Amino acid sequence: MNMETKTILIIDDDQNVIRQIKDFLELEQLGYKVVFANDGESGLKKLKETKPDLILLDLVLPGKADLKLLKG
């Protein structure tokens with residue numbers, strides 16, 4: 001069975017949150033590609049670049065975007 005790797009984009013300004021989620025996904029060896037951004041602006045950029053299958057989004061981010069990210 002040929003399964004395509006799924007991409008998860010984590011957008012959060014807390015490095016500990018990003019690390020914990022990334023470590024969990026890697027520990028479980030589920031085969032996800034994990035990318036991350038630390039603020040709304042870089043999150044929008046990563047969203048356009050990677051077209052992720054799932055976004056884990058902190059709704060309270062410094063600077064631009066937070067809820068605007070939901071619109072893509």
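In what order do the elements of the protein run from the N terminus on? The order is β-α-β-α-β, which comes to two helices and three strands. The model described here is predicted.

**Overall figures**

The protein has 72 residues, and 28% of them count as buried. Its accessible surface comes to about 5300 Å². Carbon and sulfur atoms hold 52% of that surface. Contacts can also be sorted by how far apart the two residues lie in the sequence. Among contacts between residues at least 6 apart, 64% join residues at least 24 apart.

**Strand β1 and its partners**

Strand β1 covers residues 7-11, and five of its five residues are buried. Is one face of β1 covered, or are both? Both are: T7, L9 and I11 are buried on one side, and I8 and I10 are buried on the other. A residue counts as buried when its relative accessible area is under 20%.

β1 pairs with β2 and is also joined to β3, as the table shows.

| Partner of β1 | Residues of partner | Bridges | Sense | Residues standing opposite |
|---|---|---|---|---|
| β2 | 33-37 | five | parallel | T7 and K33 |
| β3 | 54-57 | four | parallel | I11 and L57 |

Between β1 and β2, which pair in the parallel sense, the chain passes through helix α1. This β-α-β crossover is right-handed.

**Helix α1**

Helix α1 spans residues 15-27. From the first C-alpha to the last, the 13 residues of α1 reach 18 Å, close to the 18 Å expected at 1.5 Å a residue. At the start of this helix, a side-chain oxygen of D14 comes to within 2.9 Å of the backbone nitrogen of N16. After α1 comes Q29, with a positive phi near 50°.

**Positive phi at K51**

Most residues other than glycine have a negative phi. K51 is a residue other than glycine, yet its phi is positive, near 45°. Where is K51 found? K51 lies in the loop between α2, residues 40-50, and β3. Is K51 buried or exposed? K51 is exposed, because its relative accessible area is 63% and the cut-off for exposed is over 50%.

**In short**

β1 is mostly covered, and β1 has parallel partners in β2 and β3. Helix α1 lies on the path of the chain from β1 to β2. Positive phi values occur at Q29, which follows α1, and at K51, in the loop that leads from α2 to β3.

Note on methods:
Residues are numbered from 1 along each chain as its sequence is written. This is a predicted model: local features need pLDDT of at least 70, side-chain atom pairs count only at pLDDT 80 or more; totals for chains, interfaces and linings use all residues. Side-chain values use heavy atoms; hydrogens and water are left out. Buried means under 20% relative accessible area, exposed over 50%, partly exposed in between (1.4 Å probe, protein chains only). Two strands pair if DSSP finds at least two bridges between them. A crossover is right-handed if, with the strands pointing away from the viewer, the path from the first strand over the helix to the second runs clockwise. The expected span of a helix is 1.5 Å times one less than its number of residues. A polar contact is a pair of N or O atoms within 3.5 Å; within protein, one must be able to donate a hydrogen and the other to accept it, and residues adjacent in sequence count only if both atoms are side-chain atoms. Contact means heavy atoms within 4.5 Å. Accessible areas come from the Shrake-Rupley method with a 1.4 Å probe; for residues, only the protein chains shown count as cover.
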